[in-house]
Amino acid sequence: MRTAILGANGYIGKHLAHFLAAHGWDVHSYGHRNEPGLPGLRYTPLDVREASAFKKLDTDVDLVFYLPGITGTIKGYDDYDNYIDVNEKGLLHLLDRLRRNRQHHTRVVYPSSRLVYKGQKNLPLTEDAEKEFKTIYALNKWFGECALRQYAEYFDIPFTIFRICVPYANLFEGAYGYGTVGFFLNKASSGNPISLYGT
């Protein structure tokens, strides 16, 4: 398989690029930094906020993973321009590039979030559960899902949405596994008690 990974310097992107390359995939990684976060892979700097930057993207691939993103809760209200530019407009730049350059039937793989759902205590979520958006980030992710459905309907661009809840374990020194497990590990390594909900 040939794949492009946008956001290859992030936690998920770096691990995904490493895993796919180790399993014989032809991986082309892209990120906003000038230098790759993972040496040894084909890498091209690409700022997803700039539509013109997507001219660098090789679209003759089987899969494009769209992994750039700004996460967080309250931060989004102070930095909504950046959240919209990276999380929403960046995805639109990618979809526009694919619709204008259809040399290959490329599938977009997009990480969304459980945070687009209202949820009920002690009940598992289903895809058709009630939606609720408590943060700018949650709105960004729901926008991304809607945009993918529209481009699939109008331009026949296939997509897959997956939801990341608790990523864990690092293969690379210094990489931070965000979320619950990363929180536990940081507490433990700094000699602090491991706590949930305060105590």
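Let's start with a salt bridge. Glu-132 pairs with Lys-134, and their closest N and O atoms are 3.7 Å apart. That sits within the 4 Å cut-off for a salt bridge. Glu-132 is partly exposed, at a relative accessible area of 26%. Lys-134 counts as exposed, at 61% relative accessibility.

Now a set of linked charges. Arg-2, Asp-26, Arg-42, Asp-58 and Asp-60 form one network, joined by salt bridges that share partners. Keep in mind that this is a predicted model.

How many salt bridges are there? The count comes to 12. Take one of them, Arg-2 with Asp-58. Their side chains meet at 3.0 Å, N to O. Arg-2 lies in strand β1, residues 2-6. Asp-58 lies in the loop between β3 (42-45) and β4 (63-66). So the pair ties together parts that are 56 residues apart in sequence. Are these two buried or exposed? Arg-2 is partly exposed, with a relative accessible area of 26%. Asp-58 is also partly exposed, at 22%.

Another bridge joins Arg-49 and Asp-47. The closest N and O atoms there are 2.8 Å apart. Arg-49 is partly exposed, at 39% relative accessibility. Asp-47 is partly exposed too, at 23%.

Next, an arginine without a bridge. Arg-97 is found in helix α3, residues 80-100. Arg-97 is buried, yet it has no salt bridge. Which side chain of opposite charge is nearest? That is Asp-58, 6.6 Å away. The cut-off for a salt bridge is 4 Å, so that pair does not count. We have met Asp-58 already, in its bridge to Arg-2. What does the side chain of Arg-97 reach instead? It reaches the backbone oxygen of Leu-57, at 2.7 Å. Leaving out residues up to four places away in sequence, Arg-97 touches Phe-54, Lys-55, Leu-57 and Thr-59.

On to helix α4. This helix covers residues 136-155, which is 20 residues. From first C-alpha to last, α4 reaches 28 Å, close to the 28 Å expected at 1.5 Å a residue. Which residues of α4 are buried? Among them are Ile-136, Tyr-137, Ala-138, Leu-148 and Tyr-151. The list also includes charged side chains, Lys-141 and Glu-145. Asn-140, Gly-144 and Ala-147 are buried as well. What do the buried residues of α4 pack against? Two helices, α2 (75-78) and α3, and two strands, β5 (107-112) and β6 (159-163). Recall that α3 is the helix that holds Arg-97. After α4 comes Asp-156, whose phi is positive, near 60°.

Last, the whole protein. There are five helices and six strands. From the N terminus on, the order is β-α-β-β-β-α-α-β-α-β-α. Buried residues make up 39% of the 199 residues. Now take contacts between residues at least 6 apart in sequence. Of these, 61% join residues at least 24 apart. The Arg-2 and Asp-58 pair, 56 residues apart, spans a separation of that kind. As for the surface, the protein exposes about 11600 Å². Carbon and sulfur atoms supply 53% of that area.

To recap on the charges. Arg-2 has a salt bridge to Asp-58. Arg-97 is buried and has none. The side chain of Arg-97 does reach the backbone oxygen of Leu-57.

Methods: Residues are numbered from 1 along each chain as its sequence is written. This is a predicted model: local features need pLDDT of at least 70, side-chain atom pairs count only at pLDDT 80 or more; totals for chains, interfaces and linings use all residues. Side-chain values use heavy atoms; hydrogens and water are left out. Helices (H or I, at least four residues) and strands (E, at least two) are DSSP runs, numbered from the N terminus. Buried means under 20% relative accessible area, exposed over 50%, partly exposed in between (1.4 Å probe, protein chains only). A polar contact is a pair of N or O atoms within 3.5 Å; within protein, one must be able to donate a hydrogen and the other to accept it, and residues adjacent in sequence count only if both atoms are side-chain atoms. Contact means heavy atoms within 4.5 Å. Accessible areas come from the Shrake-Rupley method with a 1.4 Å probe; for residues, only the protein chains shown count as cover. The expected span of a helix is 1.5 Å times one less than its number of residues.
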